[in-house]
Amino acid sequence: MKIYTVEKTLVSTNRIASMEHKPLLVVAEKPGGTPQVAVDPVGCKPGDWVLCVGSSAARDASGIKGYPSDLTIVGIIDKWEVNANGDTSS
Amino acid sequence: MKIYTVEKTLVSTNRIASMEHKPLLVVAEKPGGTPQVAVDPVGCKPGDWVLCVGSSAARDASGIKGYPSDLTIVGIIDKWEVNANGDTSS
Amino acid sequence: MKIYTVEKTLVSTNRIASMEHKPLLVVAEKPGGTPQVAVDPVGCKPGDWVLCVGSSAARDASGIKGYPSDLTIVGIIDKWEVNANGDTSS
Amino acid sequence: MKIYTVEKTLVSTNRIASMEHKPLLVVAEKPGGTPQVAVDPVGCKPGDWVLCVGSSAARDASGIKGYPSDLTIVGIIDKWEVNANGDTSS
Amino acid sequence: MKIYTVEKTLVSTNRIASMEHKPLLVVAEKPGGTPQVAVDPVGCKPGDWVLCVGSSAARDASGIKGYPSDLTIVGIIDKWEVNANGDTSS
């Protein structure tokens with residue numbers, strides 16, 4: 001799994017029906033990093049450091065079997081710090 | 001999931017039968033970036049910023065179970081801007 | 001999906017039985033780029049620009065359910081040009 | 001599969017139910033490298049060099065069928081050394 | 001699929017039961033490159049250039065359905081040469 005920081009909500013009104021209304025969050029591997037989008041079955045807020053699963057596991061992890069996701073948040077990390085050089089420590 | 005901009009339609013007349021006639025769009029992570037090809041079950045147009053799913057989820061997301069795709073558009077992003085340095089904000 | 005150019009045939013006489021005798025082609029994302037190998041159910045020739053699918057979709061796309069492939073050609077692109085800088089246009 | 005070194009335990013109290021209480025370990029491809037998180041069904045300790053499987057295989061390898069993992073430790077490597085330049089030898 | 005050169009055997013006595021005793025080989029995309037580990041159902045030796053499959057296809061390609069692998073050797077390449085600059089030709 002990979003560690004991401006939550007940046008903000010993504011709004012996509014015109015989406016395929018099978019995505020239903022699950023919240024979509026913009027995440028990045030470090031603040032300001034390349035944005036990716038994860039499904040959030042946990043209930044996170046911007047600034048949280050979270051654990052995300054990818055590959056086929058991301059589908060069921062959303063809470064709906066076979067959900068169309070390849071990146072799903074599976075937990076909020078209790079303590080995760082990133083220093084100025086981007087080095088992390090928990 | 002990843003965020004892409006739609007560039008143009010891809011024409012591939014000689015394709016395997018199971019691809020049927022689903023529209024194929026050339027997309028890139030930023031304008032002029034490395035081109036990839038996504039199946040479009042949503043109905044996008046060049047210039048749209050879209051959300052794409054990969055991995056095994058891309059197959060069913062096309063609207064046909066088990067479709068031969070590893071990158072499928074699942075939504076159009078309501079608001080997504082990229083400044084001159086390629087930094088994005090929604 | 002990704003776009004590749006077909007470079008040549010790959011010969012692997014000593015292969016696992018489930019690969020049967022499907023043609024294997026060396027492909028690259030640009031001429032002279034890092035070589036990868038794709039299964040060819042379409043019938044391509046060196047110099048063709050082709051569309052390849054990866055992930056679990058590559059297996060059934062070969063024409064044999066569950067075939068041991070993670071990269072399969074699914075179509076020949078009608079028109080795809082790459083200029084001296086490697087920029088592409090169709 | 002890829003080779004990682006085990007760095008420390010990751011604590012994520014607020015996690016999706018299907019993750020149960022399987023131990024999560026922070027791992028990296030080299031000491032101080034980009035941290036990733038693997039599920040540990042083997043019982044490893046910091047400093048161990050381990051073999052991890054990804055993709056859909058990571059799910060069942062955890063010991064629970066369909067577990068929400070995309071990176072699972074499948075073995076401790078008997079002997080693996082990394083010199084100052086990061087070159088490895090077993 | 002990707003092309004690798006076989007470097008050596010990997011010994012991991014403490015491994016999950018479902019890995020059984022299938023041979024594990026350290027492989028790299030070029031001599032001295034980043035080491036990865038592949039399951040070998042073919043019977044290769046150091047110095048062989050081999051074709052490896054990844055993703056979910058790697059599991060059944062091992063010879064055991066659902067085997068915990070994400071990289072499996074599926075064939076030995078008959079002729080593959082790499083010149084001093086790392087350029088390859090078959």
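## A tour around chain D

Start by selecting chains D and E together: across their interface the rule finds one salt bridge, a term for a side-chain nitrogen of Lys or Arg within 4 Å of a carboxyl oxygen of Asp or Glu. Before zooming in, please note that this is a predicted model, in which local features need pLDDT of at least 70 and side-chain atom pairs count only at pLDDT 80 or more, while totals for chains, interfaces and linings use all residues. Residues are numbered from 1 along each chain as its sequence is written, chains are lettered from A and ligands numbered from 1 in the order in which they are written, and side-chain values use heavy atoms, with hydrogens and water left out.

**Stop 1: the salt bridge between D and E**

Which two residues form the salt bridge here? Select D:D60 and E:R59: the closest N and O atoms of this pair are 3.3 Å apart. Nine residue pairs are also counted in polar contact between chain D and chain E, both residues being at pLDDT 80 or more. A polar contact is a pair of N or O atoms within 3.5 Å; within protein, one must be able to donate a hydrogen and the other to accept it, and residues adjacent in sequence count only if both atoms are side-chain atoms.

Now colour the elements of chain D on this side. At least two residues each of the side that touches chain E come from β1 (2–9), β5 (49–54), α1 (57–61), β6 (71–76) and β8 (88–89) of chain D. These names follow DSSP runs, numbered from the N terminus: helices are H or I with at least four residues, and strands are E with at least two. Sorted by class, this side of chain D has 14 nonpolar, seven polar and four charged residues. Here Ala, Val, Leu, Ile, Met, Phe, Trp, Tyr, Cys and Pro count as nonpolar, Asp, Glu, Lys and Arg as charged, and the others, Gly among them, as polar.

**Stop 2: the whole D and E interface**

Widen the selection to every contact, meaning heavy atoms within 4.5 Å. You will find 25 residues of chain D in contact with 26 residues of chain E. The two chains bury about 1,800 Å² between them, and carbon and sulfur atoms give 58% of that area. Buried area is the accessible area (1.4 Å probe) that two parts lose on being put together, summed over both. On the chain D side, pick out D:M1, D:V74 and D:D78, which lose the most area to chain E and together make up 32% of what that side buries.

Next, show the strands. β6(D) runs antiparallel to strand β2 (residues 14–15) of chain E, and two bridges join them; strands pair if DSSP finds at least two bridges between them. To see one bridge, select D:I76 and its partner in β2(E), E:N14.

**Stop 3: inside chain E**

Stay with chain E for a moment. Its strand β1 (residues 2–9) pairs with its strand β5 (residues 49–54) in the antiparallel sense over four bridges, and E:I3 stands opposite E:L51 in β5(E). β1(E) is also joined by four bridges to strand β3 (residues 24–28) of chain E, again antiparallel. There, select E:K8 with its bridge partner E:V26 in β3(E).

**Stop 4: the other side of the tour, D and A**

Select chains D and A. This contact takes 26 residues from chain D and 25 residues from chain A. D:I16, D:R59 and D:D70 supply 27% of the area that chain D buries against chain A, more than any other three residues. Where is the salt bridge at this interface? Look at A:D60 and D:R59, whose closest N and O atoms are 3.3 Å apart. β1, β2 (14–15), β3 (24–28) and β4 (36–39) of chain D each supply at least two residues of the side that touches chain A. The largest share, four residues, comes from β4(D). Finish here with A:I76, which stands opposite D:N14 in β2(D).

**Stop 5: stepping back**

Show every chain. A turn of 72° with a shift of 0.0 Å along the axis lays chain D on chain E with an RMSD of 0.0 Å, the fit being by least squares on the C-alpha atoms of residues with pLDDT of at least 70 in both. The two copies are thus related as by a five-fold rotation axis. Lastly, select chains C and D, which do not touch: their nearest C-alpha atoms are 9 Å apart.
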